[in-house]
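Work through the exercises below with the model open beside you. Each task is followed by a solution in steps.

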Amino acid sequence: MPRVPQPPQPQTLDAEAVRSWCAGALRALDRERADIDAINVYPVADGDTGTNLYLTLESAARSVEDLHTAPGAAPDVAQIIRAMAHGALIGARGNSGTLLAQLLRGMAPVLAEGTDGDHLARALAAAAKAARQAVAHPVEGTLLTVADAAAHACAPGGPLATVARAAHTAALTALAATPGQLDALARAGVVDAGGRGLVAVLGALVTAVTGEPATPFDEPAHGPVLAEAAAAAECEGPAGPGYEVLYLLEADEPAVDRLRDRLDALGESLVVVGGDGLWNVHVHVDDAGAAVEAGIEAGRPHRIRITHFAARPEPAGRAVVAVLPGDGLAGLCAEAGATTLVARPGETPTGTELADAIRRAHAREVVLLPNDTELRGPAAAAAEAARAEGIRVALIPTRAAVQGIAALAVHEPDRRFDEDVVAMTAAAGATRYAELAVAERQSFTSAGVCQAGDILGLIEGDVAVIGHDLTTTALTVLDRMLAAGGELVTLITAADTPADLATTLEQHVRAAYLAVDTATYHAGEGAPPLLIGVE
């Protein structure tokens with residue numbers, strides 16, 4: 001039979017190939033994330049590596065598609081690879097997702113200079129080096145080892161397809177060897193989960209370059225037994241720190257260097273990736289508040305996620321997921337055992353992010369506290385998505401952070417689920433709430449016309465007071481709320497709230513309302529100037 005001529009292999013990565021690689025990697029991780037989750041035993045057996053890698057690539061793919069769909073867009077390779085790297089950076093999840101973001105960031109500047117085989121080889125080398133430098137204490141038998149092997153297998157100057165295949169083949173070989181390099185993997189009888197995710201991403205690169213499917217990872221014949229071993233390792237629970245803390249950080253490089261030293265002293269599994277003023281920070285610690293405070297001292301942390309490993313229960317366990325308006329409040333609730341999401345102005349969590357938070361709680365039963373009327377729809381969608389996965393979810397329609405705090409205060413995981421939800425709902429419903437905000441423009445409100453810069457006092461979501469001074473307006477709002485009675489006033493201040501405001505309000509309550517107690521919390525940056533709750 002005559003040989004069928006094969007189409008010539010491309011010698012460079014064009015814009016469409018990079019876009020195809022990104023989309024293909026996302027599809028590959030979607031197919032494999034459950035299997036990757038099942039073998040996740042290091043550094044913490046929390047069963048979420050596949051999901052974290054998928055969500056990281058999902059953010060990268062969204063950034064690439066946003067670039068393509070912009071009016072008049074005709075992005076080149078350099079723009080697309082930078083968008084891919086930036087999207088991964090801002091959406092990185094977990095230890096492996098953070099490292100994947102750094103790998104892409106390491107590749108971007110090299111591929112921006114050229115996209116032939118030589119540049120791809122150098123890009124993979126730069127990526128492996130950048131990822132290793134981002135880890136405070138690199139460990140062999142992990143994604144770092146697989147990335148190194150892929151980079152070392154690429155001969156400079158080789159054809160593009162040859163380089164891509166060599167990197168993927170070497171990654172497969174290195175992945176198979178990981179149990180012999182890391183005791184945790186050997187005990188569970190599994191390969192490294194992060195490394196397997198990287199193999200999937202490199203396989204998608206081979207397909208994007210050659211148009212042919214890459215060699216799949218060959219599961220051992222005793223795969224089901226290995227999966228059971230991994231599950232058993234997960235049930236043993238974490239032996240290290242109790243919290244995983246992640247946040248984006250706007251800071252300069254000297255401040256980040258100091259932050260690395262401080263976080264390294266606080267915990268382990270420290271990974272700091274990024275540059276040019278924007279960083280993604282990941283660390284496992286026992287003191288989540290101290291890790292967040294270190295970020296605040298270094299710059300401006302946002303998109304803070306705190307997961308309480310110890311709250312990852314046995315099958316009958318329960319967790320609380322709460323959305324909070326500031327860093328300090330998130331740390332406080334995390335220390336009380338909640339899985340938290342921080343909502344910034346203009347950065348309201350999506351239904352996907354809420355569903356992910358429910359999954360990260362790793363519980364059969366979850367109580368969801370959205371703490372914002374605008375989150376009612378996304379929270380309901382997230383709850384339905386989680387229920388479809390077999391998680392029992394109760395959505396308590398808390399409208400403000402003070403209601404969420406009241407609900408969390410009465411949470412008792414040892415009582416029946418329905419009883420706990422009823423008690424938490426009652427505590428939230430018995431808490432009236434108010435907020436002080438600054439008017440951004442002239443507007444008609446239920447209390448009259450306000451001008452830009454006026455202080456607005458909102459009670460139960462409606463503007464009740466228009467003032468010109470924060471303290472005077474706060475006192476007026478507080479008196480109106482206490483006119484209907486109350487036993488406890490909760491005050492939540494922001495980072496830029498005048499330091500003496502809470503003290504003035506506390507003294508006012510003590511002088512005018514003898515039977516009323518006060519409690520003050522600091523939400524940190526991104527929160528309204530003042531939140532008030534009256535129970």
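**Exercise 1. Decide whether Leu-198 is buried or exposed, and list what Leu-198 touches.**

Step 1. Leu-198 has 7% relative accessibility, so Leu-198 counts as buried. The cut-offs: buried means under 20% relative accessible area, exposed over 50%, partly exposed in between, with a 1.4 Å probe and protein chains only.

Step 2. Leu-198 lies in helix α9. Helices (H or I, at least four residues) and strands (E, at least two) are DSSP runs, numbered from the N terminus.

Step 3. Leave out residues up to four places away in sequence; Leu-198 then touches Leu-103, Leu-143, Val-146 and Ala-147. Contact means heavy atoms within 4.5 Å.

Step 4. Leu-198 and Val-135 are 63 residues apart in sequence, and their C-alpha atoms are 17 Å apart in space.

A note on the source: this is a predicted model, where local features need pLDDT of at least 70 and side-chain atom pairs count only at pLDDT 80 or more, while totals for chains, interfaces and linings use all residues. Residues are numbered from 1 along each chain as its sequence is written, and side-chain values use heavy atoms, with hydrogens and water left out.

**Exercise 2. Check the length of helix α5 against the expected span, then find what covers its buried residues.**

Step 1. Helix α5 covers residues 117-134, which is 18 residues. The expected span is 1.5 Å times one less than the number of residues.

Step 2. That gives 26 Å for α5, and the end C-alpha atoms are 26 Å apart, so the two agree.

Step 3. The buried residues of α5 include Gly-117, His-119, Leu-120 and Leu-124, and among them are also Ala-121, Ala-123 and Ala-134.

Step 4. The cover over these buried residues includes α4 (94-113), α6 (143-152), α7 (160-177), α9 (193-210) and β2 (267-275).

**Exercise 3. Describe how β2 is covered and how β2 pairs with β3.**

Step 1. β2 is mostly covered, with 7 of its 9 residues buried.

Step 2. β2 pairs with β3 (residues 278-285) in the antiparallel sense, over 7 bridges. Two strands pair if DSSP finds at least two bridges between them.

Step 3. Val-272 stands opposite Val-281 in β3.

Step 4. The hairpin of β2 and β3 has 2 residues between the strands, and Asp-276 takes a positive phi near 55° there.

**Exercise 4. Give the strand order of the open sheet and name its edges.**

Step 1. The sheet has 6 strands in the order β13-β12-β9-β16-β14-β15, with mixed pairing.

Step 2. β13 (462-467) and β15 (517-524) stand at the edges; each has a single partner strand, so one side of each is left without a neighbour in the sheet.

Step 3. The twist averages 20° from one strand to the next. Axes are lines fitted to C-alpha atoms, for helices over the stretch in contact, and angles run from 0 to 180 degrees between N-to-C directions.

Step 4. Helix α18 (residues 470-482) lies across β9, β12, β13, β14 and β16, and runs at about 165° to β9.

**Exercise 5. Place Val-463 in the sheet and list its contacts.**

Step 1. Val-463 is found in β13. β13 pairs with β12 (residues 455-459) in the antiparallel sense over 5 bridges.

Step 2. Leu-458 stands opposite Val-463.

Step 3. Val-463 has a relative accessible area of 15%, so Val-463 is buried.

Step 4. Not counting residues up to four places away in sequence, Val-463 touches Thr-445, Ser-446, Ala-447, Leu-456, Gly-457 and Leu-458.
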